[in-house]
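Colleague: Before I use this model, I would like to know what stands behind the terms you apply to it.

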Amino acid sequence: MDSNPQDPARGDKRAPRPSLRAPWSEFREALDAAGFHPSRRLGQNFLLDDNMARAIAQDAGVESGRFVLEVGPGCGFLSVHLADRGAKLLCAEIDARLAPIAARFLEPFPDAEVVLGDVLASKSRIAAHVLERLPAHSDWTLCSNLPYSISGPFLATVAQLEHPPGRTCCLVQKEVAERLAAAPGTPAWGPLTASFQEAFEVTLGRLVPPQLFWPRPKVDSAVFLAELRPDVAPAPIRGARIGFYRDLLQRRRQGLRRVLADMVGKERCASAIEALGLDPQVRAETLGLDALRALHAASAG
Ligand code: SAM
């Protein structure tokens, strides 16, 4: 992959920059020696293209000294570019065969740490060994090639952190990136969109084709970028709103009155819909974030 003269990150034909890493064949040997077979359940698709990994670290806009969380460093192919930009890097890896490979690769960077374990303690809780290392402010960055299996629940949990990342730059399945960045009323808009956009303004980034990974995923991947909203609500309010959006948008194709009445009772439903001047037959999926927030406030007990 590294011998490809075309840098997909720059879209031109300048000579590629020297690689920060040993050739893939060396990693492959170490993986084979450890009896490693990539796990689909753990979303183990490694980003082999060094130019793309560098470009993603660049998209993340990491400056020297910035705290960065990377979920699933794998062999460390993205990590090394984050570390090279001077990040104070925390890598959380679930696979005990991979964590030492990433740690060895990151040895030249004293500000990089690899911790072993599942980043999630439950579907909606970040594990204590990661949470206790996160800064008590939002001047930090989340940058990962996220495992597909946890990207939705993990990102919804991140949106509810007391101190969410100021900036997020992650590579996910293209369809997930589209859902995160979707506009109301479009087919991609749903519970994950509203939950994530409650905390972040999201834009789609570069597309990453399957041939840049090993093993090749069956789907396209894409980067998304997210900036923490300047007026982000305190965590308990965000948490309550997100729970409400989820319940409402899980039945997004049904009429608003029917769904909301099941959630808060007929009386509160009727008064909230009337107070906001909404059409009771409208589908919940057509409501944007402002309308959802107002509906949550108006139907609260
Ligand atoms: N960052 C590497 C790269 O770009 O080549 C690997 C990315 S691969 C898509 C996802 C990584 O996440 C794998 O290393 C996998 O073992 C790890 N992983 C999967 N589930 C995890 C979890 N719940 N907590 C922490 N790491 C996880």
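Modeller: Start with the outer side of helix H1, where Glu29 and Ala33 are exposed. The model is predicted, so local features need pLDDT of at least 70 and side-chain atom pairs pLDDT 80 or more, while totals for chains, interfaces and linings use all residues. Residues are numbered from 1 along each chain as its sequence is written, and side-chain values use heavy atoms, without hydrogens and water.

Colleague: What makes a residue exposed or buried?

Modeller: Exposed means over 50% relative accessible area, buried under 20%, and partly exposed in between, with a 1.4 Å probe and protein chains only. In H1 (residues 24-33), Trp24, Phe27 and Leu31 are buried. H1 is a helix because it is a DSSP run of H or I of at least four residues; strands are runs of E of at least two, and both are numbered from the N terminus.

Colleague: How do you know that the buried residues are on the same side of H1?

Modeller: The arc is taken from the directions from the helix axis to the C-beta atoms. The buried residues cover only 60 degrees, which puts them on the same side. They pack against helix H4 (99-105) and strand S10 (213-214), where contact means heavy atoms within 4.5 Å.

Colleague: Why is the pair between Glu93 and the ligand called a polar contact?

Modeller: A polar contact with the ligand is a pair of N or O atoms within 3.5 Å. A polar side-chain atom of Glu93 lies 2.6 Å from a ligand oxygen atom, so the pair meets that cut-off. For Asn145 the distance to a ligand oxygen atom is 2.9 Å.

Definitions and conventions:
Polar contact = N/O pair within 3.5 Å; in protein donor to acceptor, adjacent residues only side chain to side chain.
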